[in-house]
Every structure is written in C-alpha cells, then in structure tokens.
Amino acid sequence: MNATAIAHPNIALVKYWGKRNRELNLPAVPSLSVTLAPFETRTSVEWGTDTDRFEINGTVAHGDAADRVARFLDLIDGARPPVSITSTNNFPTAAGLASSSSAFAALALAATKAAGQSPTLTQLSTLARQGSGSASRSLWGGFVTWSLGARPDGTDSHGHAIAPQSHWDLRVLVALVSDEKKAVSSREGMNRTQETSPLFAGWVESGPSDVTEAEEAVRSRDLERLGTVMEHSTMKMVGTMFSAQPAVVYMKPATVAVLHTVTALRSQGIGAWATMDAGPNVKVLTTSDDASRVEAALREHVQTVHTLHVGGPAYLV
C-alpha cells in the first residue's frame, strides 16, 4: 500500500534538551512548541517492495541515517516487508531548523497508513517521538506541550494540544545565519551536554515551571510573557551547551549580532523575542503588525529571512 503525508516542523518555545531515556527518546524536561508553516516535509511510503530504499531530499540514505529509519519502521511492524520512502523538505535540513520534527511526524503518519494501521494522534505522537523527540509535537497544529511523563515505557510522554492554529496569529522570522549541515548533531550535542555540563541539573529543575508559564501565556495571548519565558529557556539551554566539555558552540558572529538586534528592537517598542535551537540560526517571535520592521532589521546581518506563521496539523495527502 502507498501513502503520502505532509507535516510542518515546530520550534520549542520552552526547550527540549536532554533525555531521561535515550533509547525511547524520553525527555529530561517538558517542552512547549509552535508549529510553523509554510515549512513542510512531504513523505511518501510504499509498504512492500523488493528492498528497503530511503531517499531524503534526492539522496539515497546509507549508514546511520538508513539504520535510523529502518529501526523506526520496525517499531510499526517488527515483521514488516521491505519499504520504499521518498522524503523532501522545502527548507534546509540539519541546520537547526527542526527538520527532524516534521520528517518523523510525516513518516509516522504515512508509514502507519501504508501499513494498514489506524493509530490515534496520541499513539502517532508516541511513535514519532521514538524517531525524533521533537516530532512528537508536529502531529498537531498550533501550540503543543510535550509532557515529561513518568512511565518507564514512555507511553505517557507525548504531545498535548494547548491551542489550535487559529488561536493566535503570530509570526516567527527565521534569520538564516547558515544552512550548512551542523558539525555537531543535535543528538551528539545533547548527549555531551547532559553528560558533562555542571549546569544541567539546574536546567532540568527549572523546566516544568517554564512550561507552565508558557502555557498560561499562550492561553491568554500574552506575547510579552511568552517571549520572556522563551528567551529565558533559550539562554539557559545555551548556557548548558557552553559549559559542556568540550563546549558545544553553534553560534556564529551573525548569531550574536541578531540577538543584540532583537534586544534593541524591544527598546524601541517593537515586540520581538529571540530563540535558538541546536544551530546558528535565530528565530524571532513577533506579531503580524511588527513582522516587516523586524525583518528589515534582521536583514542588516543575514541575507535570508524566512517569515513563518502558525501552522496546522500533519495530514495525509
């Protein structure tokens, strides 16, 4: 059977960084995200072919990348036939733009359909989490919390919709400092930080209260409150990276320049707050009214700025 699905990436406004169980991708902290469009991953799955074949953005996957996809498919059906997958992003991959969140969300949806299964959204989220933690949030549109969970098997650690796409018309501007593949993968950087940063325990302790604060800000559509806790979460996460051994440094000079620009915009009365993930690119949360002024300021430091809006849920084509 064949199936095609489309999913949007998400960015964590309150960050996911660290795992309490690496094999199951169970997080050390809860997180809260916003789904982003028009960035998307389109994934087509043919269930039952001559051999496994996984093509990602026009390149056939081999080695660790292919093994990761094969293991994920085995979670869907341990006695599965060979599977053919074609997946494409309309945005840069592995550059800190959350490509894995949309990739595994789309794969979970398309592959289960092609396999003749009909899981619930919660079951899909739990499945997608095992491919990429952040993918647990991309099945929904709008604003999503990924719960910490307490069960050893991870069945209670999945996405929870907080507010739909229609709840809040915000903009997220991506200042593209670099679209090159990262020298240190998110997974490697996360593991190194958790193992060696003396600040990691404080990061874990403070995570749940940040999510509670962000959930209340989203529900009340309080942008200053949301932006403030988002920036605080981001800088705490970056602090754990900087204090790892050796340090995990994704920032480039333009990254720092953009961060200073966002602070300066706020001093001028423009509502703008910055966040980053495991990469050099900066995402700026703002309103539709202020988006053009923010974009103009960011273009003083980077050539490419993507203006994104709140996206909808993953869906079958």
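**View 1. An open sheet of six strands, ordered β8-β7-β9-β6-β1-β16.** The pairing in this sheet is mixed, and two strands count as paired if DSSP finds at least two bridges between them. At the edges sit β8 (59–60) and β16 (315–316), each of which pairs on one side only. Helices (H or I, at least four residues) and strands (E, at least two) are DSSP runs, numbered from the N terminus. A word on what you are looking at: this is a predicted model, where local features need pLDDT of at least 70 and side-chain atom pairs count only at pLDDT 80 or more, while totals for chains, interfaces and linings use all residues. Residues are numbered from 1 along each chain as its sequence is written, and side-chain values use heavy atoms, with hydrogens and water left out.

**View 2. Strand β6 (41–47) and its partners β1 (2–7) and β9 (83–89).** Strands of a sheet pair through backbone hydrogen bonds, either parallel or antiparallel. Here β6 and β9 run antiparallel and are joined by seven bridges, and β1 pairs with β6 in the antiparallel sense over six bridges. To find your way along the ladder, look for Trp47 with its bridge partner Val83 in β9, Val45 opposite Ile85 in β9, and Ala5 opposite Thr43 in β6. In a regular strand the side chains alternate between the two faces of the sheet. In β6, Thr41, Thr43, Val45 and Trp47 make up the covered face, whereas Arg42, Ser44 and Glu46 make up the uncovered one.

**View 3. Helices α1 (63–76) and α2 (99–114) against the sheet.** Helix α1 packs on the sheet and touches β6, β7 (53–56) and β9; contact means heavy atoms within 4.5 Å. The direction of α1 makes about 120 degrees with that of β7. Helix α2 lies across β1, β6, β9 and β16, and runs at about 30 degrees to β6. Axes are lines fitted to C-alpha atoms, for helices over the stretch in contact, and angles run from 0 to 180 degrees between N-to-C directions.

**View 4. The largest nonpolar core, with 32 residues.** Such a core is a set of buried Ala, Val, Leu, Ile, Met, Phe, Trp, Tyr and Cys residues joined through side-chain atoms within 4.5 Å. Buried means under 20% relative accessible area, exposed over 50%, and partly exposed in between (1.4 Å probe, protein chains only). Val45, Trp47, Phe54, Leu73, Ile85 and Leu107 have the most contacts inside this core. Two or more residues each come from β1, β6, α1, β9, α2 and α3 (121–131), and α2 gives the largest share, nine residues. Zoom in on Leu73: leaving aside residues up to four places away in sequence, Leu73 touches Trp47, Phe54, Arg80, Val83, Ile85, Leu107 and Ala111. A second, separate core holds 27 residues, including Val14, Val34, Phe39 and Val310.

**View 5. The buried residues of α3 and their cover.** Leu124, Ser125, Thr126, Leu127, Ala128, Arg129 and Gly131 are buried in this helix. Their cover includes β4 (26–27), α1, α2, β10 (143–146), β11 (159–163) and α4 (186–196).

**View 6. The pair of helices α5 (200–220) and α6 (223–242).** These helices pack at an angle of about 165 degrees, with their axes 9 Å apart. That angle makes α5 roughly antiparallel to α6, because angles over 145 degrees count as such. The crossing of α5 past α6 is left-handed, meaning that the near helix is turned anticlockwise from the far one by less than a right angle. On the α5 side, the contact includes Phe200, Trp203, Ser206 and Asp210; on the α6 side, look for Arg225, Leu226, Val229 and His232, among others.

**View 7. Backbone details worth a closer look, starting with the cis peptide bond from Ala37 to Pro38.** Omega is near 10 degrees for this bond, and Pro38 lies in the loop between β5 (31–37) and β6. Another cis peptide bond joins Gln245 and Pro246, with omega about -5 degrees; Pro246 is in the loop between α6 and α7 (253–267). Asn25 has a positive phi, near 55 degrees, in a residue other than glycine, and Asn25 lies in the loop between β3 (19–21) and β4. Arg221, in the loop between α5 and α6, also has a positive phi, about 55 degrees, although it is not a glycine. Asn25 counts as buried at 2% relative accessibility, while Arg221, at 47%, counts as partly exposed.

Methods
Parallel < 35°, antiparallel > 145°, perpendicular 65-115°, else oblique.
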